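Please look through the sequence and the three-dimensional structure shown here before reading on. The points are grouped by topic, so that each can be followed on the structure in turn.

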Amino acid sequence: MSERMELVFASNNVHKLKEIQSMLGDKASVKSLDDIGCNVDIPETGLTFAENAKQKSDYVAVNYDMDCFADDSGLEVEALGQEPGVFSARYSGTRDMEANIDLLLTRLKNNENRKARFRTVICLHFKGKDHFFEGTIQGHIREARHGVGGFGYDPIFIPNGHERTFAEMSQEEKNSMSHRSIAVAKLVDFLKQQPLI
Ligand code: IMP
């Protein structure tokens, strides 16, 4: 009989936790930081998504001795040297997304190169080894906001092959192509191939 694998997701984002748990089904039980009694705001001081994701999963592996994964995501704009990147959440120096989007649109003003991509990197610390899974979606930045759905930079990002921003799409439509879904699907595939799950 197979056991149920226990994994920590170094996050308290209920939406992300639910999504990943439902993709893993009853093969694995995913615990949040709250679930394991970790109340620390784990530092993210890396200069890449991979460094930040590893920093978070290492923290749990070292302090709680459990297999763990963590993610880090952001928007990379080609004409801005891939900014805001790891600084996506606080690009303007605050967590105010209106200010973050305003700053990005100002910096891109009159620039014809509007190419951008969203990227997610997941680091899984599993049986003493680190494994990385990446998801990317290419697109471009609109001149102004469109749509009210989603979060973050969704109102100004149009994925390639589409004419609407992420904020104009339903959650399902965005999830069918998003950077996060691609990375999570790779993580889930990997876990499903492991013995005991
Ligand atoms: P996190 O690592 O998933 O928390 O993402 C960090 C920041 O990147 C968020 O605060 C957003 O500003 C931006 N971001 C990441 N994913 C998305 C997305 O799917 N849509 C819009 N913005 C995103």
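What follows is a short briefing on some strands, one residue and a ligand. The model is a predicted one, and this should be kept in mind while reading every point.

**Strands 1 and 2**

- Strand 1, which covers residues 5–9, runs parallel to strand 2, which covers residues 28–31, and the two are joined by 4 bridges.
- To get from strand 1 to strand 2 the chain passes through helix 1, made up of residues 14–24, and the β-α-β crossover that results is right-handed.
- Within this pairing, the residue of strand 2 that stands opposite Leu-7 is Val-30.

**The surroundings of Val-30**

- Is Val-30, a residue of strand 2, buried or exposed? Its relative accessibility is 10%, and because buried means under 20%, Val-30 counts as buried.
- Leaving aside residues up to four places away in sequence, Val-30 touches Leu-7, Phe-9, Leu-17, Ile-20, Gln-21, Leu-24, Asp-35 and Phe-69, and Leu-7 is also the residue that it stands opposite.
- Val-30 and Phe-133 are separated by 103 residues in sequence, while in space they are 17 Å apart when taken from C-alpha to C-alpha.

**Strands 5, 6 and 7**

- Strand 5, with residues 115–126, pairs with strand 6, with residues 129–141, in the antiparallel sense, and 12 bridges link them; one of the bridge partners is Gln-138 in strand 6, which is matched with Arg-117.
- These two strands, 5 and 6, form a hairpin in which 2 residues lie between them, and in the turn Lys-127 has a positive phi of about 45°.
- Strand 6 also runs antiparallel to strand 7, which holds residues 157–159, and here 3 bridges join the strands; the bridge partner of Ile-141 in strand 7 is Phe-157.

**The ligand**

- Which residues are closest to the ligand? Of the 15 residues that surround it, the closest are Ser-73, Asp-154, Lys-174, His-179 and Arg-180.
- An N or O atom in the side chain of Lys-174 is 2.7 Å from an oxygen atom of the ligand, and for the side chain of Arg-180 the corresponding distance to a ligand oxygen is 3.0 Å.
- The side chain of Asp-72 likewise has an N or O atom that is 3.3 Å from an oxygen atom of the ligand.
- On its own the ligand has 480 Å² of accessible area, and the protein covers 85% of that area.

Definitions and conventions: Residues are numbered from 1 along each chain as its sequence is written. This is a predicted model: local features need pLDDT of at least 70, side-chain atom pairs count only at pLDDT 80 or more; totals for chains, interfaces and linings use all residues. Side-chain values use heavy atoms; hydrogens and water are left out. Two strands pair if DSSP finds at least two bridges between them. A crossover is right-handed if, with the strands pointing away from the viewer, the path from the first strand over the helix to the second runs clockwise. Buried means under 20% relative accessible area, exposed over 50%, partly exposed in between (1.4 Å probe, protein chains only). Contact means heavy atoms within 4.5 Å. A residue is near a molecule or strand if one of its heavy atoms lies within 4 Å of it. A polar contact is a pair of N or O atoms within 3.5 Å; within protein, one must be able to donate a hydrogen and the other to accept it, and residues adjacent in sequence count only if both atoms are side-chain atoms. Accessible areas come from the Shrake-Rupley method with a 1.4 Å probe; for residues, only the protein chains shown count as cover.
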